[in-house]
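The following account leads the reader through a single protein chain, from its ion pairs to its interior and its surface. Please keep the sequence and the coordinates in view while reading.

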Amino acid sequence: EDIQDDVSYRDGQLLDISGGGLCFLAEESLPLGSQLVMVLEFPGWQAAADGKWIATKVEADVGVLRAVGMVSWVAINQADPDRYETGVCFSGMVTA
């Protein structure tokens, strides 16, 4: 059995990000403790060969960061009660 069969992909809207984690808006409530692999896209940025990021300010340039984290809290969004603010604590980075 292919382990990829258990993987489900969902889009979310990034609300806040820091060195320790992030908060995003999701269509569904995720269980606390869920492990996530997040693919974050940053238009106008590129990752250089040395691992540093460069601001190109060109919309077509998209820097991609893959991070692993765990859901630490979930709250109903005040502005849109059908969506959930989801707090994630980073636990590592995925290198491509």
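A salt bridge joins the side chains of E28 and R10, with an N to O distance of 2.4 Å. The model in which this pair occurs is a predicted one. E28 belongs to the loop between strand 2 and strand 3, whereas R10 belongs to the segment before strand 1 (13–17), so the pair ties together parts that are 18 residues apart in sequence. E28 counts as partly exposed because its relative accessibility is 34%.

The structure holds two salt bridges. R83 forms a salt bridge with E27, and here the closest N and O atoms are 3.4 Å apart. This pair links distant parts of the chain, for R83 lies in the loop between strand 6 and strand 7 and E27 in the loop between strand 2 and strand 3, 56 residues apart. E27 has a relative accessibility of 54% and therefore counts as exposed, whereas E28 is partly exposed.

The overall fold may be considered next. The chain has zero helices and seven strands, and its pattern along the sequence reads β-β-β-β-β-β-β. Of the contacts in the chain with a separation of 6 or more, 49% are between residues 24 or more positions apart. The chain has 96 residues, of which 23% are buried. Its accessible surface amounts to about 6,900 Å², and carbon and sulfur atoms account for 53% of that area.

Which residues make up the largest nonpolar core? This core has 10 residues in all, namely L22, F24, A26, L30, L36, M38, L40, A67, V71 and V88. Strand 2 (21–26), strand 3 (35–43) and strand 6 are the elements that give two or more residues to it. One core member, V71, is in contact with L30, P31, L32, G33, S34, L36, T86, G87 and V88, neighbours within four places in sequence being left aside.

T86, named among the contacts of V71, is located in strand 7 (residues 84–93). Is T86 buried or exposed? T86 is buried, because its relative accessible area is 0%. Residues up to four places away in sequence not being counted, T86 touches L22, C23, F24, A26, L30, V71, W73 and V74. Several of these partners, including L22, F24, A26, L30 and V71, are members of the largest nonpolar core. The side chain of T86 also reaches the backbone oxygen of Y84, at 3.4 Å.

C23, another residue touched by T86, is found in strand 2. C23 counts as buried because its relative accessibility is 10%, and the cut-off for that class is under 20%. With neighbours within four places in sequence left aside, C23 is in contact with Q13, L14, L15, D16, W73, E85, T86 and G87. The C-alpha atoms of C23 and V88 are 6.1 Å apart in space, although the two residues are 65 residues apart in sequence. V88 is itself one of the residues of the largest nonpolar core.

Attention now turns to the loop between strand 5 and strand 6, where D61 is found. D61 has a relative accessible area of 19% and is therefore buried, the cut-off being under 20%. Leaving aside neighbours within four places in sequence, D61 is in contact with F42, P43, G44, W45, Q46 and T56. The C-alpha atoms of D61 and G44 are separated by 5.2 Å, and the two residues are 17 residues apart along the chain. The side chains of D61 and Q46 are joined by a polar contact of 3.5 Å.

K57 lies in the loop between strand 5 (53–55) and strand 6 as well. In contrast to the buried D61, K57 counts as exposed, because its relative accessibility is 74%. Its backbone deserves a remark: phi of K57 is near 60 degrees, a positive value in a residue other than glycine.

The surface completes the picture. V39, V62 and V64 make a nonpolar surface patch of about 210 Å². V62 is placed in strand 6 (residues 62–76). V62 counts as partly exposed because its relative accessibility is 37%. Strand 6 is also among the elements that give two or more residues to the largest nonpolar core.

Terms used: Residues are numbered from 1 along each chain as its sequence is written. This is a predicted model: local features need pLDDT of at least 70, side-chain atom pairs count only at pLDDT 80 or more; totals for chains, interfaces and linings use all residues. Side-chain values use heavy atoms; hydrogens and water are left out. Helices (H or I, at least four residues) and strands (E, at least two) are DSSP runs, numbered from the N terminus. Buried means under 20% relative accessible area, exposed over 50%, partly exposed in between (1.4 Å probe, protein chains only). A polar contact is a pair of N or O atoms within 3.5 Å; within protein, one must be able to donate a hydrogen and the other to accept it, and residues adjacent in sequence count only if both atoms are side-chain atoms. Contact means heavy atoms within 4.5 Å. Patches are made of residues with over 30% relative accessible area and no salt bridge: like charges are joined within 9 Å, nonpolar side chains (Val, Leu, Ile, Met, Phe, Trp, Tyr) within 5 Å. Accessible areas come from the Shrake-Rupley method with a 1.4 Å probe; for residues, only the protein chains shown count as cover. A salt bridge is a side-chain nitrogen of Lys or Arg within 4 Å of a carboxyl oxygen of Asp or Glu. A nonpolar core is a set of buried Ala, Val, Leu, Ile, Met, Phe, Trp, Tyr and Cys residues joined through side-chain atoms within 4.5 Å.
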